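Trainee: Could we go through this one together, asking how each label is earned?
Mentor: Sure, let's put the values next to the cut-offs.

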Amino acid sequence: MVAAEGVRLQKVLARVGFGSRRTCDDLIAAGRVRVDGVVAVLGRRVDPETALILVDGAPVGVRPGLVYYLLNKPAGVVTTADDPQGRPVVVGLVPDEPRVFPVGRLDLDTEGLLLLTNDGEIANRITHPSYGVEKEYVAHVEGTPSRSVLRQLREGVELDDGVTAPARVTPVEPNVLRLVVHEGRNRQVRRMCDAVGHPVIRLVRTRIGPLADRSIRPGTWRHLETDELRALERAVADGA
Ligand code: URA
């Protein structure tokens with residue numbers, strides 16, 4: 001039976017590192033893939049959140065080779081693999097092997113959640129604006145933003161690279177805002193707050209799509225859980 005809904009199985013397999021979609025089709029055609037206990041056929045679609053997918057009897061998502069680290073980046077660490085000025089870099093905070101790269105970037109002084117992986121496909125999707133993956137920040141700002149400032153931030157702020165898309169903005173304390181954006185422009189939150197006269201004093205990313213965890217100590221990381229990876233795959237399944 002070929003389900004009409006869901007994500008194509010070869011796409012799901014390609015995303016978790018089984019090779020190109022063509023290679024994944026070959027795996028399916030060879031009868032090496034089972035979904036919920038049944039050998040899958042070409043064209044099969046699945047719900048990546050709920051389907052139990054096995055390749056050669058091993059559940060996907062726990063395949064050796066692809067790693068996903070959720071890091072709590074401290075201030076003062078650069079979001080690159082290598083810094084010509086010799087400052088500490090985020091990849092220095094996670095294991096050396098396999099080589100991973102940061103998904104998107106946080107400014108030198110921004111703290112909070114950063115994903116590092118060697119899964120290029122999911123990384124592209126998380127950062128590409130057409131998938132609209134939400135990022136949530138807590139910004140400590142100078143002064144107390146008024147209601148009209150909050151409205152401006154929500155509706156769009158004129159920046160030198162254009163007006164920002166609508167954002168969700170909630171005051172948490174008089175000088176602390178929670179902002180949810182999905183564009184990922186360079187220094188976007190700082191520039192938005194500057195533009196409305198409330199420069200950022202401290203900025204912390206608290207969520208990337210479905211990923212949120214306040215218990216990771218600054219400078220430390222943990223592996224994504226299988227269900228978090230699946231939720232992330234689902235968040236980027238229907239974009240572009
Ligand atoms: N917006 C910023 O201004 N800085 C970041 O690091 C992330 C989002």
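Mentor: Start with a cut-off: exposed means over 50% relative accessible area, buried means under 20%, and partly exposed is in between. Keep in mind that this is a predicted model.

Trainee: Okay, why is D160 called exposed?
Mentor: Its relative accessible area is 77%, and the label needs over 50%, so D160 is exposed.

Trainee: What makes D160 and R191 a salt bridge?
Mentor: The rule asks for a side-chain nitrogen of Lys or Arg within 4 Å of a carboxyl oxygen of Asp or Glu. For D160 and R191 the N to O distance is 3.0 Å, so the pair qualifies. D160 sits in the loop between β11 (158–159) and β12 (162–163), while R191 is in helix α5, 31 residues apart.

Trainee: Which residues are joined into one network by salt bridges that share partners?
Mentor: E134, E136, R168, R178 and R207.

Trainee: How do you know that R207 and E134 meet in a salt bridge?
Mentor: Their side chains come to 2.9 Å, N to O, and the limit is 4 Å. The two are 73 residues apart, with R207 in strand β15 and E134 in the loop between α3 and β10.

Trainee: Are R207 and E134 buried or exposed?
Mentor: R207 has 16% relative accessibility, and buried means under 20%, so R207 counts as buried. E134 comes out at 26%, which lies between the two cut-offs, so E134 is partly exposed.

Trainee: What about D56 and R32?
Mentor: That pair is a salt bridge too, at 2.7 Å, N to O. R32 has a relative accessible area of 39%, so it is called partly exposed. By this rule the count comes to 18 salt bridges.

Trainee: Now the pockets. Which residues lie nearest the centre of the largest pocket?
Mentor: R105, Y137, G184, R185 and R205, out of 22 lining residues. The volume is about 350 Å³.

Trainee: How do you know that its lining involves two domains?
Mentor: At least three residues come from each of domain 2 (68–129 + 211–235) and domain 3 (134–208). By class, the lining of the largest pocket has eight nonpolar, six polar and eight charged residues.

Trainee: And the second largest pocket?
Mentor: Its volume is about 280 Å³, and 17 residues line it, with N72, V204, R205, T206 and R214 nearest its centre. β15 gives the largest share of that lining, four residues.

Note on methods:
Residues numbered from 1 in each chain as written. Predicted model: local features only at pLDDT ≥ 70, side-chain atom pairs only at ≥ 80, totals over all residues. Heavy atoms only, no water. 1 Å grid on protein atoms, 1.4 Å probe; cavity = no way out; pocket = protein on both sides within 12 Å on 5 of 7 lines; lining within 4 Å. Points joined across faces, edges and corners; volume = space filled by probe spheres on them. Nonpolar A, V, L, I, M, F, W, Y, C, P; charged D, E, K, R; others polar. Domains from an automatic or database assignment. Buried < 20%, exposed > 50% of the residue type's maximum accessible area, 1.4 Å probe, protein only.
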